[in-house]
Amino acid sequence: MPKANSFSRFTRGVRHTVRAFASTNHPVLVHIVPMRRCNLACTYCNEFDKTSDPVAIDVMLERIDKLAEFGSSVITISGGEPMMHPEIYEIIARIRHHGMIAGLISNGYYFQVDKIKKLNEAGLDYLQISIDNVTPDEVSKKSLKVLDAKLVNLSEHAKFKVNINSVVGGGVANPDEALIIANRARELGFSSTVGVIHDEMGLNKGLTDREKEVYKEIKSKGTRSYARWNWFQDELVEGKEYEWRCRAGARYLYIDEFGMVNWCSQLEYTLEDMKREYITEKWCAPTCTIQCVHQVGHLDAWRDPQISVSDYNNRKGSGIKKETIAQVIGVE
């Protein structure tokens with residue numbers, strides 16, 4: 001079983017980055033959902049339920065195998081709360097078996113020492129935890145007070161990289177709490193990032209003056225890393241649009257618990273394939289705040305100008321029939 005290893009993580013990261021710049025015909029980042037259920041019910045979140053079952057492990061492994069055939073580089077497991085999936089360690093190990101980079105997004109509640117050691121053994125590369133406030137309230141229970149003991153466990157036992165993400169504009173009564181969270185993350189040896197809250201469509205909701213100040217202060221601290229490759233947010237924080245070439249649906253995929261592939265977690269995927277989504281413009285791009293999609297988009301910002309969907313259809317005509325991504329993944 002591949003174990004987490006900083007040197008291996010670095011060399012694999014370099015190899016996948018070189019591939020991403022050299023070729024555009026494979027996904028760079030895939031978010032995959034094995035579990036929509038969550039133990040929490042944050043009021044701003046629209047990506048969880050309280051009743052659904054975990055995706056069967058044989059189905060999850062088949063999807064990961066197919067993503068490996070596509071040449072995918074990074075597979076990030078999200079939810080819901082993915083740590084609730086009973087075979088989460090097997091899912092991570094399968095990602096690593098194929099040489100892909102394994103990431104996990106969690107609310108932080110399930111990091112007891114024994115589980116952290118199992119994640120080490122499975123070969124997890126990266127973990128991200130979003131913490132919304134210092135003390136729990138009616139908006140969110142993802143609080144520093146509740147999670148601090150779990151963060152200490154991670155600091156002492158995790159062999160994978162840990163990033164703590166704070167969000168400004170999410171309904172937290174005191175935006176300065178994001179600063180407290182970021183400082184605690186660095187104190188424990190983790191990287192820290194700051195995100196901008198979006199609406200149900202993934203678009204910019206706007207920040208207060210104090211929220212803008214907090215955002216800038218958090219961003220100014222800490223070391224540079226891929227997780228901090230997020231300068232696009234600076235324009236959005238100021239209420240401006242950011243012009244870029246969104247490659248969601250091609251270089252970035254979001255695969256839900258049913259195996260259906262979406263642009264990103266906020267938008268429904270049409271019946272277009274990766275080639276079309278790579279080259280066509282997205283109406284929502286100028287005010288999109290979804291950080292992972294922007295980060296992948298930077299890889300191709302210098303090449304292949306995008307065209308409108310209508311221009312694409314005029315060029316291709318209606319006679320070409322292509323398999324949808326959902327069919328390729330194996331959905332019946």
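So, the crossing of α4 and α5: it's right-handed. This is a predicted model, by the way, so keep that in mind throughout. Helix α4 covers residues 113-122 and helix α5 covers residues 144-157. Their axes come within 10 Å, and the crossing angle is roughly 40°. That makes the two helices oblique to each other, because angles under 35 degrees would count as roughly parallel. Who makes the contact? On the α4 side you've got V113, I116, K117 and N120. Facing them from α5 are N153, L154 and H157.

Okay, next up is α2, residues 57-69. How far does this helix reach from its first C-alpha to its last? With 13 residues, α2 spans 18 Å, and that's close to the 18 Å you'd expect at 1.5 Å a residue. Now look at what's tucked away: M60, L61, R63, I64 and L67 are the buried residues of α2. Yes, there's an arginine in that list, R63. If you look down the axis of α2, the buried residues fall within an arc of 160°, so they line one face of the helix. Flip to the other side of α2 and you find D58 and E69, both exposed. After the helix comes G71, which has a positive phi, near 85°.

Let me stay with α2 for a second, since two of those buried residues, L61 and I64, turn up again as contacts of R94. R94 sits in helix α3. Setting aside neighbours within four places in sequence, R94 touches L61, I64 and D65. Is R94 itself buried, exposed or partly exposed? The relative accessibility of R94 is 27%, so this arginine counts as partly exposed. There's also a C-alpha to C-alpha separation of 9.4 Å between R94 and G123, and those two are 29 residues apart along the chain.

Right, a couple of backbone oddments to finish. Where is the cis peptide bond? Scroll to G79 and G80: the bond joining those two glycines is cis, with omega about 15°. G79 is the last residue of β2 (74-79), and G80 is in the loop that runs from there to α3 (88-97). So that's the loop leading into the helix where R94 is found.

The other one is D304. This residue isn't a glycine, yet phi is positive, about 55°. D304 is in a loop too, between α10 (291-297) and α11 (309-316). Its relative accessible area is 31%, so D304 is partly exposed. Okay, that's my tour; shout if you want to go back to any of it.

How values were computed:
Residues are numbered from 1 along each chain as its sequence is written. This is a predicted model: local features need pLDDT of at least 70, side-chain atom pairs count only at pLDDT 80 or more; totals for chains, interfaces and linings use all residues. Side-chain values use heavy atoms; hydrogens and water are left out. Helices (H or I, at least four residues) and strands (E, at least two) are DSSP runs, numbered from the N terminus. The expected span of a helix is 1.5 Å times one less than its number of residues. Buried means under 20% relative accessible area, exposed over 50%, partly exposed in between (1.4 Å probe, protein chains only). The arc is that of the directions from the helix axis to the C-beta atoms. Axes are lines fitted to C-alpha atoms, for helices over the stretch in contact, and angles run from 0 to 180 degrees between N-to-C directions. Angles under 35 degrees count as roughly parallel, over 145 as roughly antiparallel, 65 to 115 as roughly perpendicular and the rest as oblique. A crossing is left-handed if the near helix is turned anticlockwise from the far one by less than a right angle, and right-handed if clockwise. Contact means heavy atoms within 4.5 Å.
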